[in-house]
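Okay, thanks for making time, everyone. Let me put the structure up on the screen and then we'll walk through it together.

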Amino acid sequence: MGIVIPSGQEISEPAAPQRANGLAVGLGRLPSIPWEPRPAGSRATIWRSSRNPIIPRDLIERSNSIFNSAVVPFGDGFAGVFRVDDTTREMNLHAGHSADGINWTIEPATIQWAAIDGRTSEIQGVFEHAYDPRVTWLEDRYYVTWCNGYHGPTIGIGYTYDFKTFHQLENAFLPFNRNGVLFPRRVNGQYLMLSRPSDNGHTPFGDIFVSESPDLIHWGRHRHVMGTRSWTWESTKIGAGPTPIETTEGWLLFYHGVLTSCNGYVYSFGAALLDLDEPWKVIARSRDYLISPQMPYEQIGDVPNVTFPCAALVDGATDRVTIYYGAADTVTCLAHGYLSEIIDFVKARS
Ligand code: BMA
C-alpha cells in the first residue's frame with residue numbers, strides 16, 4: 001500500500017514496490033513527472049498546464065483529433081495509447097512515446113491487436129471503433145482497456161509489454177458499456193474493473209459499477225459504486241477516468257460527470273475515494289468539480305464543453321499528480337495538483 005505524503009516532503013525510498021523495468025508503481029517516485037507549479041495567486045486544487053493543449057489535433061497525418069488518451073511511465077520516459085479520430089472520422093487507437101510526457105511521437109499506424117487465441121479472433125471480425133483507452137500497469141505488463149465496438153460499444157481488454165506488440169483478450173462485458181477502467185492490483189485475489197453500462201447512442205444516463213474477475217476473461221459480481229447527483233455538474237451520467245490511485249485514504253478515483261444544459265452535454269471532472277478492500281463502498285466524493293470546461297480549447301472543438309480525464313501520473317516523493325485529459329473531443333491537455341490536497345478537497349466537499 002502506498003502512503004500519502006504532505007506537499008513538498010521528500011522521502012528517500014519509494015513507498016511502493018518497484019516496476020519490472022525499474023520504475024516505481026503506485027506512489028513510488030517519478031521524478032520526471034511533467035510538472036508546472038500552481039500559478040501565482042491561484043487557489044485552484046487542480047490547475048491547467050500553460051502548455052495546453054500539449055497535443056494538437058493534427059499531430060499526425062490524417063488525424064482529425066487526438067484526445068481522451070492514456071499515458072504511463074515507460075523505460076526512461078513515457079508511453080501511451082492515444083485515441084485518434086482520422087479524417088474519415090474513424091475512431092481508433094495508436095501507440096505513442098515521449099521523453100518528457102509533453103512532446104509526443106504518435107505512430108501513424110493504428111494498433112493491430114493479436115488475438116490471444118482463435119476464439120478471441122471471432123470478435124475481431126468487423127471493426128466498428130476503438131476509443132477512450134486507459135492503460136494500467138498490473139502485475140507484469142501494461143493492460144489497455146478501451147471502448148471497443150462489437151455490435152455497439154463495449155469494453156475491450158488487451159495488453160502489451162513494449163507498446164509495439166499488442167495482444168487482445170475477450171471483451172469484458174456485453175454491449176453496451178463504456179469507460180472500463182482496471183484497478184492496478186488484485187483486491188482479495190480478484191481483478192477488478194470499473195465500467196459504465198450505457199446505450200448505443202449519446203447515453204443520457206449512467207452510473208459507475210465495479211466487476212470482479214479471476215482471470216481478466218470472465219467477469220461477474222457486478223456491484224453498484226455510485227450514481228448521478230441531481231442539479232449538479234454530474235446530474236446526467238458519470239464515468240471512471242484514470243486508473244484508481246492507491247492511497248492510505250482509499251482508492252482515489254478521478255471521474256467525469258455530465259450535466260445536460262440547454263446547449264447539450266457539459267463534461268467536467270471530479271474525484272472520489274473508494275474503500276481499499278470493498279471499492280464499491282464510497283468513502284468520500286466531492287460535491288464540487290475539480291475542472292469544468294472553461295478554457296477556449298475545452299469550450300470550442302468538435303464537441304464543445306468536454307474535459308475528459310483518462311490518465312494520471314503520481315510522484316509519491318513530491319506529492320505531485322499530473323492528469324491527462326481530452327478537451328472538446330479535439331486535443332489532449334494536462335492538469336496538475338498535489339495528491340494530499342486533492343484528497344483533502346474530496347473529503348472536505350463530500
Ligand atoms: C462520450 C465518449 C467520449 C466523448 C464524450 C463527449 O460518449 O464518446 O469519447 O469525449 O462522449 O463527446
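So, a warm-up: which residue in strand 3 is the bridge partner of F74? It's G77. Before I go on, keep in mind that this is a predicted model.

Let's stay around that pair for a bit. Strands 2 and 3 make a hairpin, and there are two residues between them. One residue in that turn, G75, has a positive phi of about 60 degrees. The two strands run antiparallel and are joined by nine bridges. Strand 2 itself is pretty well tucked away: 11 of its 12 residues are buried, so the rest of the structure largely encloses it.

Now follow the chain into the next pairing. Strand 3, residues 77–86, is joined to strand 4, residues 91–98, by eight bridges, and again the two run antiparallel. If you want a spot to click on, G80 sits opposite G96 of strand 4.

Put that together and you get an open sheet of four strands, ordered 2-3-4-5, with antiparallel pairing. Which strands stand at the edges? Those are strand 2, at 63–74, and strand 5, at 105–106; each has a single partner strand, so one side of each has no neighbour in the sheet. As a reminder, strands of a sheet pair through backbone hydrogen bonds, either parallel or antiparallel.

Okay, zooming out to the whole chain. We have three helices and 22 strands. The radius of gyration is 18 Å, close to the 20 Å from the globule rule for 350 residues, so the chain is as compact as a globular protein of that length. If you're setting up a box, the C-alpha atoms fill roughly 50 × 45 × 40 Å along the principal axes. Of the 350 residues, 58% count as buried.

What about contacts along the sequence? Take the ones between residues at least 6 apart: 54% of those join residues at least 24 apart. For the surface people, the accessible area is about 14000 Å², and 51% of that belongs to carbon and sulfur atoms. And for the electrostatics people, there are 28 positive and 37 negative charges, with their mean positions 5 Å apart.

Next, a second hairpin, further down the chain. How many bridges pair strand 20 with strand 21? Eight, in the antiparallel sense, with strand 21 covering residues 320–327. F308 stands opposite G326 of strand 21. This hairpin has four residues between its strands, and D319 takes a positive phi near 75 degrees. Strand 20, residues 307–315, has eight of its nine residues buried, so it too is largely enclosed by the rest of the structure.

Just past there is a residue I'd like you to look at. A328 lies in the loop between strand 21 and strand 22, the latter at 331–338. A328 isn't a glycine, yet its phi is positive, about 55 degrees. So is A328 buried or exposed? Buried, with a relative accessible area of 0%.

Compare that with R221, which is also not a glycine and has a positive phi, near 45 degrees. R221 belongs to strand 14, residues 220–226. Its relative accessibility is 56%, and the cut-off for exposed is over 50%, so R221 counts as exposed.

While we're on backbone geometry, let's do the cis peptide bonds. From N52 to P53 the bond is cis, with omega near -15 degrees. P53 is in the loop between strand 1, at 46–48, and strand 2. The bond from P175 to F176 is cis as well, with omega near 10 degrees; here the proline comes before the bond. Where is F176? In the loop between strand 10, at 166–168, and strand 11, at 177–182.

Last stop is a tryptophan. W137 is in strand 7, residues 130–138. At 14% relative accessibility, with the buried cut-off being under 20%, W137 counts as buried. Its C-alpha atom is 9.5 Å from that of Y159, a residue 22 positions away along the chain.

To recap the part we began with: strand 2 is an edge strand of the open sheet, and 11 of its 12 residues are buried. That's what I had, so let's open it up for discussion.

Technical notes: Residues are numbered from 1 along each chain as its sequence is written. This is a predicted model: local features need pLDDT of at least 70, side-chain atom pairs count only at pLDDT 80 or more; totals for chains, interfaces and linings use all residues. Side-chain values use heavy atoms; hydrogens and water are left out. Two strands pair if DSSP finds at least two bridges between them. The radius of gyration is taken over C-alpha atoms; the globule rule is 2.2 Å times the number of residues to the power 0.38. Buried means under 20% relative accessible area, exposed over 50%, partly exposed in between (1.4 Å probe, protein chains only). Contact means heavy atoms within 4.5 Å. Accessible areas come from the Shrake-Rupley method with a 1.4 Å probe; for residues, only the protein chains shown count as cover. Lys and Arg count as positive and Asp and Glu as negative; His and the chain ends are not counted. The place of a charge is taken as NZ of Lys, CZ of Arg, CG of Asp or CD of Glu.
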